[in-house]
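User: I am a first-year student and would like a close look at one part of this protein. Could you walk me through the sheet and then show me what sits beside it in the chain?

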Amino acid sequence: LPRTWVQLRSEVVQRIKDGHKFMDFQEWTGLARTKGLQGELFNICTTFLHETGVVRYFGSLFNTLGKGAFYNTVYLDAQWMISVLKGLVRHDRQALQDYFASTGVNKLMLRRVNRLN
């Protein structure tokens with residue numbers, strides 16, 4: 001693997017250890033730039049990290065505008081993302097609110113869940 005890809009993967013692992021669960025795509029792009037990744041190499045690296053399960057990203061690398069929070073988010077912790085999606089599928093809004101409030105995760109996700117009606 002290219003050194004820059006390994007550095008980005010190591011940064012993701014460290015962020016997970018620090019309790020980060022996700023980041024928006026702009027933050028992901030900025031992080032990749034600090035490691036020297038941009039343009040086509042950034043796209044290939046993001047796809048590789050997604051396909052190997054290091055991160056989960058479901059948006060388009062070429063058009064991130066106007067797609068909604070799910071598609072503009074890079075998920076660092078796959079198990080956490082699965083727990084959130086299970087709550088959505090079960091349509092258990094209160095359980096999601098309790099989960100986000102109790103874990104101290106970024107209040108952005110709590111606000112997003114509160115918008116679901």
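Analyst: Here is a walk through the sheet, followed by a pair of helices. The model is predicted, so to speak of local features we need pLDDT of at least 70, and side-chain atom pairs count only at pLDDT 80 or more, while totals for chains, interfaces and linings use all residues. Residues are numbered from 1 along each chain as its sequence is written, and side-chain values use heavy atoms, leaving out hydrogens and water.

The protein has six helices and three strands; these are DSSP runs, with helices (H or I) of at least four residues and strands (E) of at least two, numbered from the N terminus. Starting at that end, the elements follow the pattern α-β-α-α-β-β-α-α-α.

Now to the sheet. It is open, with three strands in the order E1-E3-E2 and antiparallel pairing; two strands pair if DSSP finds at least two bridges between them. Strand E1 (22–24) and strand E2 (56–57) are the edges, each pairing on one side only. E1 is joined to strand E3 (residues 73–75) by three bridges, and Phe22 has Tyr75 in E3 as its bridge partner. In general, strands of a sheet pair through backbone hydrogen bonds.

Next, the helices. Helix H1 (residues 3–17) and helix H2 (residues 25–34) have axes, lines fitted to C-alpha atoms over the stretch in contact, that come within 10 Å and cross at roughly 130°. Leu8, Glu11, Val12 and Arg15 of H1 make the contact with Glu27, Trp28, Leu31 and Ala32 of H2, where contact means heavy atoms within 4.5 Å.

Terms used:
Axes are lines fitted to C-alpha atoms, for helices over the stretch in contact, and angles run from 0 to 180 degrees between N-to-C directions.
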